[in-house]
Amino acid sequence: MIHVQNYINGTFRNSINNNCINNLNPATGDLIATIPKSDLNDIDLAVNAAKKAFPLWSNLTINERANWLKKIANELEKRFDEVAKLESKDTGKPITLAKNVDATRSVSNFRFFANLIEELENPEFGMDDAMNTIIRKPAGIAGLITPWNLPLYLLSWKVAPALVMGNCVIAKPSELTPLTANLLAEVISDIGLPKGVFNIIHGYGNECGQSLVEHPDINLISFTGGTQTGKIVAKTAAPMFKKLSLELGGKNATIILEDADFISNIDKIARSAFLNQGQVCLCGSRILVHESIYTPFMENFVKHVSSMRIGDPLDENTALGSLISLEHREKVESYIELAIEEGGKILLGGKRPELGEKFSRGAFLEPTIIEGLKFNSRTSTEEIFGPVVTIHRFKQVEDAIKIANCTKYGLAASIWTKDTELGESIAKRLDTGMVWINCWLHRDLRVPFGGVKSSGVGREGGFYSLEFFTELQNICTFYDL
Ligand code: NAD
């Protein structure tokens, strides 16, 4: 049992009110930690610490700050196994996923941004009589709010660029998954990062998160989470003219064209639907299949998914673990009921698996495949964020594009075809921020990441992140006196 504390001004401490929130392992229902139930008073403390630290931190050279990032990466890497285990226990995700994705990426995020600054250029625009020099200033105190599905992966994706550009940080991890954020605070404490530069406040979103967004001395909010919460965050931050980045929900289409090599890619297509039990914002939760290959595709897909092993998240052979909570499982199950009401047919799954006494209180749910729904039904267009995919037939490419765009979300899509030229021409007509062709979640950290429509505002990744965490200032010097 871990007693997680806030990390403020280089010190671990309880919330001022001393209240706590229980943190459960969603696979077993066991109590694994308590976290502070922080409020505005704790945010105030952290803001004051960050404001004090800001002059010193922002005046370091960018290379000096990059060296701090490298130290964080090295120290995190030493605790790789611990990160993976904590992430698996906290989220219910399979340990192999926690190792290969969460623990690996958290380290590489710090290294990537530490190295990227080598390529930063300071643009200048000469005029006949003057020179414009553009300089980058840190935005100030950055509030970073993250969800539970990829806890340290997404937190490090924000912390690294924020710090390297000279901001001080107040992070608010999800109350459901505080453990690796706490480990990051330990790492940062161990390497002796100047106090106040990095702070973590734990607590509920509507109390602690809301206070962070509302705080007048927080200059910038980077938020990743649900679209509904994003609306609240935007409503609070916009009138205060805070810099705002919103990475929100998705309802992504996987488009299988007539010529797709779906047999050799069936594992990748299944992965795109069910990775992390379908709890990745990029998961392809609507599969659009050309009618000429519908039957063989479905035979292969259903067979492959039914062979995915569901069970103990800490077992290396497990492909599917538990959902994040019993409440979330109920929400996902309510969509399965809705699908039946809407005329859908459950081809696979839809039930809670029998996994024995140890996991009887866990939030497990079988991977679920549903066909026969209208493409514009609620089940087919709303974000479920669980192990549930709907399958839709199409005849013409035009129909596939229409179905893919028929949702308020616009995060990502994948297209499977041997004709990559056709794939690219379809990609350009999809209303999404990202499209993968014959792959999925194939990430180059330099490229822009983010969505359109209700999937968010702004882009993260590479220089796009560095720009977001900076205020540009143009200095125009007139020569001709
Ligand atoms: P959520 O919106 O419930 O919570 C996200 C974070 O916001 C948590 O830390 C929460 O405590 C906090 N929060 C809640 N209310 C708040 C408020 N009023 N003010 C400030 N902060 C508040 O989301 P979740 O359930 O943790 O995560 C799942 C969602 O995140 C899904 O919709 C998923 O698609 C999305 N997501 C998007 C991306 C992306 O990059 N686009 C990545 C991962 C997850």
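Where is phenylalanine 385 found? Select phenylalanine 385 in this predicted model: the residue is found in the loop between α12 (378–381) and β17 (388–394). Check its backbone angles while it is selected. Phenylalanine 385 is not a glycine, yet its phi is positive, at about 60 degrees.

Next, select asparagine 18. This asparagine is found in the loop between β3 (11–13) and β4 (20–24). Here too the angle to read is phi: for asparagine 18 the value is near 65 degrees, which is positive in a residue other than glycine.

Now go to the ligand and show the protein around it. The ligand sits in the largest pocket. Three elements give two or more residues to the shell around the ligand: α7 (205–214), β11 (220–224) and α8 (227–237). Color α7 separately, as the largest share of the shell, five residues, comes from this helix.

Then select the residues within 4 Å of the ligand. The selection to expect is 30 residues that surround the ligand, and the closest are Lys172, Glu175, Thr229, Leu248 and Glu383. Color the shell by residue class. The shell divides into 14 nonpolar residues, 12 polar residues and four charged residues.

Color the two domains next. Why does the ligand lie between domain 1 and domain 2? Domain 1 (2–248 + 455–476) gives residues to the shell around the ligand, and domain 2 (253–444) does as well, so the ligand lies between them.

Polar contacts come last. Which atoms of the protein should be picked?

- Tryptophan 148: pick its side chain, where an N or O atom is 2.8 Å from an oxygen atom of the ligand.
- Glycine 225: show the backbone, where an N or O atom lies 3.3 Å from an oxygen atom of the ligand.
- Glycine 226: stay on the backbone, where a polar atom is 2.8 Å from an oxygen atom of the ligand.

To finish, turn on the surface of the protein around the ligand. On its own the ligand has 850 Å² of accessible area, and the protein covers 89% of that area.

Terms used
Residues are numbered from 1 along each chain as its sequence is written. This is a predicted model: local features need pLDDT of at least 70, side-chain atom pairs count only at pLDDT 80 or more; totals for chains, interfaces and linings use all residues. Side-chain values use heavy atoms; hydrogens and water are left out. A polar contact is a pair of N or O atoms within 3.5 Å; within protein, one must be able to donate a hydrogen and the other to accept it, and residues adjacent in sequence count only if both atoms are side-chain atoms. Accessible areas come from the Shrake-Rupley method with a 1.4 Å probe; for residues, only the protein chains shown count as cover. On a 1 Å grid over the protein atoms alone, a cavity is a set of points where a 1.4 Å probe fits but cannot get out, and a pocket is an open set with protein on both sides within 12 Å along at least five of seven lines; lining residues have an atom within 4 Å of a point. A molecule sits in a cavity or pocket if more than half of its atoms lie within 2 Å of its grid points. Helices (H or I, at least four residues) and strands (E, at least two) are DSSP runs, numbered from the N terminus. Ala, Val, Leu, Ile, Met, Phe, Trp, Tyr, Cys and Pro count as nonpolar, Asp, Glu, Lys and Arg as charged, and the others, Gly among them, as polar. Domain bounds come from an automatic or database domain assignment.
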